Amino acid sequence: MLKIQDDTYVKRTLRFLTTTLSIFIITFILAIIFSPSAETIKNIFNSVPNNVDGAEGLKKVWEYILNNGFKVPFQMLILAIIPIPFLYYLNIISTTILPAIALGFAINFDKHKGIILSISAIPHFIIEILAFCFVASSLLKVNQSIIRKFANLFRKSKKQKFSIKLAITNLIKIYIFIALPLFIVAAFVENYLSKIIFDLLT
């Protein structure tokens with residue numbers, strides 16, 4: 001049933017993951033080095049959706065799934081339709097940079113608690129980012145097929161087209177059978193496992 005007709009989607013996903021983790025580590029280190037202003041911290045916490053921040057238990061899990069599993073991938077899809085390479089990756093960058101800054105600032109203020117908070121956040125973060133990278137990997141082909149089709153309108157000598165239909169089919173399969181389950185797992189991990197790890201270490 002899965003049968004994704006794209007032999008390189010896993011390699012692309014790992015490339016996206018490597019790039020994203022590199023961005024996270026660099027941002028995290030810079031956030032530890034530089035002391036934050038009160039206004040910066042306020043802006044970071046204001047970036048958390050109110051419906052997620054105010055929810056608890058399974059309702060909070062659902063809000064995470066709704067936001068990260070549906071809303072953000074849909075935004076990425078809209079950006080992928082625009083014939084500009086990697087525009088959809090901006091969502092992943094923002095999702096990566098904000099927690100990196102927050103955790104780095106936490107260590108800056110309180111080294112012990114900040115480290116514990118960072119350790120407890122790692123499982124959720126990696127699973128969630130991996131899910132986003134799977135989405136990005138499949139959107140890359142959708143974006144490429146649209147760019148090629150758009151560029152061919154202005155070429156006398158047409159280049160070989162990428163199949164938009166195949167790219168979208170693969171996107172749907174990757175999203176439903178790989179990315180969405182990972183988003184669901186990440187939501188439960190963030191709401192329950194992260195708290196358990198934090199409590200065990202404090």
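This note goes through the core, one helix and a surface patch of the predicted model.

1. Local features are reported where pLDDT is at least 70 and side-chain atom pairs only at pLDDT 80 or more, whereas totals for chains, interfaces and linings use all residues. Residues are numbered from 1 along each chain as its sequence is written, and side-chain values use heavy atoms, with hydrogens and water left out.

2. The largest nonpolar core (buried Ala, Val, Leu, Ile, Met, Phe, Trp, Tyr and Cys residues joined through side-chain atoms within 4.5 Å; buried means under 20% relative accessible area, with a 1.4 Å probe and protein chains only) has 36 residues, of which Phe16, Met76, Tyr88, Phe132, Phe134, Val135 and Leu139 touch the most other members. At least two residues each come from α1 (9-33), α4 (57-81), α5 (89-109), α6 (111-152) and α7 (164-201), and α6 gives the most, with 12 residues. Helices here are DSSP runs of H or I, at least four residues long, numbered from the N terminus.

3. Setting aside neighbours within four places in sequence, Met76 is in contact (heavy atoms within 4.5 Å) with Tyr88, Asn91, Ile92, Phe132, Val135, Ala136 and Leu139.

4. Among the buried residues of α5 are Asn91, Ile92, Thr95 and Thr96.

5. On the surface, Ile115, Ile119, Ile122, Ile126, Leu193, Ile196, Leu200 and Leu201 make a nonpolar patch of about 700 Å², to which α6 and α7 are the elements giving two or more residues. Patch residues have over 30% relative accessible area and no salt bridge (a Lys or Arg side-chain nitrogen within 4 Å of an Asp or Glu carboxyl oxygen), and nonpolar side chains are joined within 5 Å.

Notes: Buried means under 20% relative accessible area, exposed over 50%, partly exposed in between (1.4 Å probe, protein chains only). Patches are made of residues with over 30% relative accessible area and no salt bridge: like charges are joined within 9 Å, nonpolar side chains (Val, Leu, Ile, Met, Phe, Trp, Tyr) within 5 Å. Accessible areas come from the Shrake-Rupley method with a 1.4 Å probe; for residues, only the protein chains shown count as cover.
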